[in-house]
Amino acid sequence: MSFERIKEKLNILADAAKYDVSCASSGSNRANTNKGLGDATGMGICHTYTEDGRCVSLLKILLTNHCIFDCAYCVTRKSNDIKRAAFKVQEVVDLTINFYRRNYIEGLFLSSGIFKNADYTMERLVLVAKKLRLEENFNGYIHLKSIPGASDELMREAGLYADRLSVNIEIPTREGLKKLAPDKKREDFIKPMKKVKNEIIQYKSEKKIIRSTPKYAPAGQSTQMIIGASGENDYQIMTASHFFYKKFNLKRVYYSGYVPISYDSRLPQIGTEVPMLRENRLYQTDWLMRFYGFHVHEIVNETHQHLELDIDPKLAWALRNIHEFPVDVNRADKRMLARVPGLGMTSVHKILQARKFRQLNWDHLKRIGVALNRAQYFLVCSSGIFERRDLEPATIKGLILQNSASKYRLATSNQLNLFG
Amino acid sequence: MQKVLIYDETFEGFLTAVFKVYEEKLKTVQIQKNRNVQSSFFGENEEIISDKVKAERVWSGLQKKLTPLGRNQIYYSFLSEISGIENTMLAYIQQVFSSVESIEKDYANPIVLQLSKIMRSVGREKHRMEAFVRFKLTKDEIYFANIEPDFNVLPLIAKHFKSRYADQKWVIYDIKRKYGLYYNLNHVEMIVMDFPNEFDFTKTSSDFFDEEELDFHELWQNYFKSTTIESRKNRLLHVRHVPKRYWKYLSEKQPL
Ligand code: SF4
């Protein structure tokens, strides 16, 4: 291996891949049964964090940054004047194995610009995964990008070696897509996504009958949307997200604040701030919808098309629905506890456990780790004294903001424990 | 008069001491590691000899009353090595045995809460070590890593590394506690090593390591740099995830 050449390629092709924010390496169940290398049964580990605070779990690279397309929001686009490079299949295999053996990574996330055509590109991505599994006995995590427009046959094969597959929708609306990525059609994303979804269902049902049925993309599919590139509002983004979760059984939707990379007049100009706080609010909404029992339209809808930036979406919902409160900590069901601002799921579970032993009061709640500065306005407990219930929502908001300035300043990344 | 039971720093020794507390119905009692012993004017010291049978009797008694969660609250707290923790553990065990209901999830009970918090810290460091161990390939083809954790987490991470790196020999060495784990392609064993004087744990000298080792190290550093998005830089968040005290042995943080 010529390290100088590899180093150069790695710099170019890791740099070009970094805008894909997905770093998840969890959700698979590939055990090391063959005394081979690696094991992807666990939670997924962040081996380190970038200096912008994002999890580094996978070797995330492009196979090549040559591309025949010209999507305006992408650094790899054809018309961009940048250095190009391409890895050989074997080079990616060797890098992955050597990084993995040193405990740098959980596995590989391989994406690519489209060279020649969709199938030619997809074929090479699949080949990398196949070699890792069959020649190297590798049980670590593999995430392959599905190239829009790739054939069903290749997508079927991809799922046999990869843990996760993803196609990035990037632009949540049809109109936006047309404007910024004229070469791409919505159908081209949908097709591989649909294929993978159907294969997953089919393999799962076969597995019930024949135990030896191989795994097919056990960590499922995900996608990513760019935020703030095409003028879309939060209602449109979250509605699209909800649609993809439901329609294609996605495991995750990622939201990536647009990082300005060109002077194209269709896009925010270089120097425009990355909408990180907005991105964080979208992740919080996503969590509320997946783990907290909210329907997406309780949070964003025709009348509330934008998420508030100064407070989190759960608090915003609570203030709009103040008639649902206060909630009695010692009585309320799990669903309603989960809706109380300042109560994360961990606290909810602890409360449910602890209240079996005794009536809980403020002191107990504080020790359990409830963020009382927010929760106090929405709860009653056995302490008798509770917040005067007749506070106006605007007053509550003011009081909360006053007392929790630092928390909101820090809350700029999706890696944080969102509702603390 | 207060009695101080001195044990040999092993978990077995600690459980033997607990056995003694019950056997002799000791009321005012403390359990201490032998390295912390101070002669006391007020109490009477007694050395405990680890006894496998007695320890197992206590443990199996606990097993009947606790789920793995409760057992981990005890074991993880033990591994925390926090000074004086033995007495909180003893109080916890006494409550477990004296109450009819299981107490392990009574988070409003100060002792349960304390142990469960310690368990969380130790658990967090266990995960961190699983993430932050960086192997370097030695000349004799062993993947070697050294760590210096706040808590004694080696016993907790053995399983993870064994199932992950089943086809390579590896050593993880705790330089603070001066012992390590060695996986010989079959099983994991505990080892103590002597290092030559010129061995520097923060360096990758070609006297000891494979000639490609530095190259991979450099590739990894390059990769680490390339993945950062400048316009999103956030030092505070970075340091919160990767606390500075761990940087010393992280390949991506070391000068080449
Ligand atoms: S097809 Fe993919 S790599 Fe090519 S320009 Fe569009 S987004 Fe970028």
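A crossing of two helices is called left-handed if the near helix is turned anticlockwise from the far one by less than a right angle, and right-handed if clockwise. In this predicted model, local features need pLDDT of at least 70 and side-chain atom pairs pLDDT 80 or more, whereas totals for chains, interfaces and linings use all residues. Residues are numbered from 1 along each chain as its sequence is written, chains are lettered from A and ligands numbered from 1 in the order in which they are written, and side-chain values use heavy atoms, without hydrogens and water.

The crossing of α1(A) and α7(B) is right-handed. Helix α1 (residues 3-15) of chain A packs against helix α7 (residues 213-227) of chain B at an angle of about 20°, and their axes are 9 Å apart. The pair is therefore roughly parallel (angles under 35 degrees). Axes are lines fitted to C-alpha atoms over the stretch in contact, with angles from 0 to 180 degrees between N-to-C directions; helices are DSSP runs (H or I, at least four residues), as are strands (E, at least two), numbered from the N terminus.

Two backbone features occur in loops of chain A. A:F325 and A:P326 are joined by a cis peptide bond, with omega about 0°; A:P326 lies between α10 (313-320) and β9 (327-328). A:K116, not a glycine, has a positive phi of about 65° and lies between β4 (107-111) and α3 (118-134).

Technical notes. Parallel < 35°, antiparallel > 145°, perpendicular 65-115°, else oblique.
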